[in-house]
Amino acid sequence: MKITTAITTKDGNVYWGQELWLQQHGIKYHKNVGSKHSCTVAYNMAIERFLREDKDNEYLALLNNDVGLNDAAFGLWTLGGDLLYCGAPAETAQGHFGDGDLWAGCMRASRRLLERMSALRQPPWFHRPMNPIGTELFGCDCQYFMEGARQAGITSKMVTSVEHWVRVLAGYDKSGRRTYRQPGADK
Ligand SMILES: [Zn+2]
């Protein structure tokens, strides 16, 4: 399977465990450094570069720089399918999990899908929709991409779930076990 793997990062840094995992699994990758304030820019940069430069490759895998990969996640590089992803706690309160959802932080899209999406809906592929005066966001950029994929007749499959560096509230339960809670996740 011919796959381009692009790490997306706001600042050029990548979690060391992720690079080690990729190297141990023989996966070559390049980094797309987006705007300091936006992963969205890095996602779009990776797709634009893939469509323009990597014409021999059939798939593009996108990896946020702060994802902790596991054995099951290797499916992203071995399984068939136009749109695969790994679930994780993410920017929305509920995160992204299950078939039919999508997380941009750990996903793989086929060239076929990206080209069809580009034809049906003007890029950007990832975008954070907001109201006309920019005071309110409607959903996240993963959801925007999903809408485009649905227009192209493709739904997503979740390969497994992965770890993601997110801010959590750490505590103890009554028996002294550590607990972790993502602020807002219980809303
Ligand atoms: Zn999202």
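# A walk through the model

Select Leu84 to begin: Leu84 stands opposite Arg108 in strand 6. Keep in mind throughout the tour that this is a predicted model.

**Stop 1: the pair of strands around Leu84**

Now widen the selection to residues 83–87 and residues 106–110. These are strand 5 and strand 6, which run antiparallel and are joined by 3 bridges. Strands of a sheet pair through backbone hydrogen bonds, either parallel or antiparallel, so switch on the backbone atoms here if your viewer hides them.

**Stop 2: the whole sheet**

Strand 5 and strand 6 belong to an open sheet of 6 strands, and its order is 2-1-3-6-5-7 with mixed pairing. Which strands stand at the edges? They are strand 2 and strand 7; each has a single partner strand, so one side of each is left without a neighbour in the sheet. Neighbouring strands of this sheet are turned by 25 degrees against each other on average, direction ignored.

**Stop 3: helix 2**

Next, select residues 39–53, which form helix 2. Helix 2 lies across strand 1, strand 2 and strand 3, and runs at about 155 degrees to strand 1. You can check its length with a distance tool: at 1.5 Å a residue, the 15 residues should span 21 Å, and the end C-alpha atoms are 21 Å apart, which agrees.

Which residues of helix 2 are buried? Colour Cys39, Thr40, Ala42, Tyr43, Asn44, Ala46, Ile47 and Phe50 to see them. The buried residues of this helix pack against strand 1 (3–9), strand 2 (30–33) and strand 3 (59–64), and also against helix 3 (111–120) and helix 4 (141–151).

**Stop 4: the nonpolar core**

From helix 2, move on to the largest nonpolar core, which has 42 residues. Show Leu60 and Trp103 as sticks, as these are the residues with the most contacts inside it. The elements that give two or more residues to this core are strand 1, helix 2, strand 3, strand 5, strand 6, helix 3 and helix 4. Which element gives the most? Helix 2 does, with 6 residues.

Stay with Trp103 for a moment. Not counting residues up to four places away in sequence, Trp103 touches Tyr85, Cys86, Gly87, Ala88, Ala90, His96 and Cys142.

**Stop 5: Ala104**

Step along to Ala104, in the loop between strand 5 and strand 6. Is Ala104 buried or exposed? Ala104 counts as buried, because 27 C-beta neighbours lie inside 10 Å. Leaving aside neighbours within four places in sequence, Ala104 is in contact with Tyr43, Leu62, Phe126, Asp141, Cys142 and Phe145. Tyr43 is one of the buried residues of helix 2 you coloured earlier.

**Stop 6: a cis peptide bond**

Draw a line from Ala104 to Pro124: the two are 20 residues apart in sequence and 14 Å apart in space, C-alpha to C-alpha. Pro124 lies in the loop between helix 3 and helix 4. Zoom in on the backbone here, where the peptide bond from Pro123 to Pro124 is cis, with omega near 15 degrees.

**Stop 7: Ala152**

Now select Ala152, in the loop between helix 4 and strand 7 (157–161). Ala152 is partly exposed, with 19 other C-beta atoms within 10 Å. Which residues are in contact with Ala152, leaving aside its neighbours within four places in sequence? They are Leu113, Arg116, Met117 and Leu120. For Arg116, the C-alpha separation from Ala152 is 6.2 Å, although the two are 36 residues apart along the chain.

**Stop 8: a hairpin**

Select residues 169–172 and residues 178–181. These are strand 9 and strand 10, an antiparallel pair joined by 4 bridges. Ala170 has Tyr180 in strand 10 as its bridge partner. The two strands form a hairpin with 5 residues between them, and Gly176 in the turn has a positive phi of about 90 degrees.

**Last stop: zoom out**

Finally, show the protein chain as a cartoon, with its 4 helices and 10 strands. Along the sequence they follow the pattern β-α-β-α-β-β-β-β-α-α-β-β-β-β. The radius of gyration is 17 Å, close to the 16 Å that the globule rule gives for 187 residues, so the chain is as compact as a globular protein of that length. The C-alpha atoms fill a box of roughly 55 × 45 × 30 Å along the principal axes.

Colour by burial, and buried residues make up 33% of the 187 residues. Among contacts with a separation of 6 or more, 69% are between residues 24 or more positions apart.

Key: Residues numbered from 1 in each chain as written. Predicted model: local features only at pLDDT ≥ 70, side-chain atom pairs only at ≥ 80, totals over all residues. Expected span 1.5 Å × (residues − 1). Buried ≥ 20, exposed ≤ 12 C-beta atoms within 10 Å, placed from the backbone. Contact = placed C-beta atoms within 7 Å. Pairing = 2+ DSSP bridges. Axes fitted to C-alpha atoms, helices over the stretch in contact; angles between N-to-C directions. Core = buried A, V, L, I, M, F, W, Y, C linked by C-beta atoms within 7 Å. Rg over C-alpha atoms; globule rule 2.2 N^0.38 Å.
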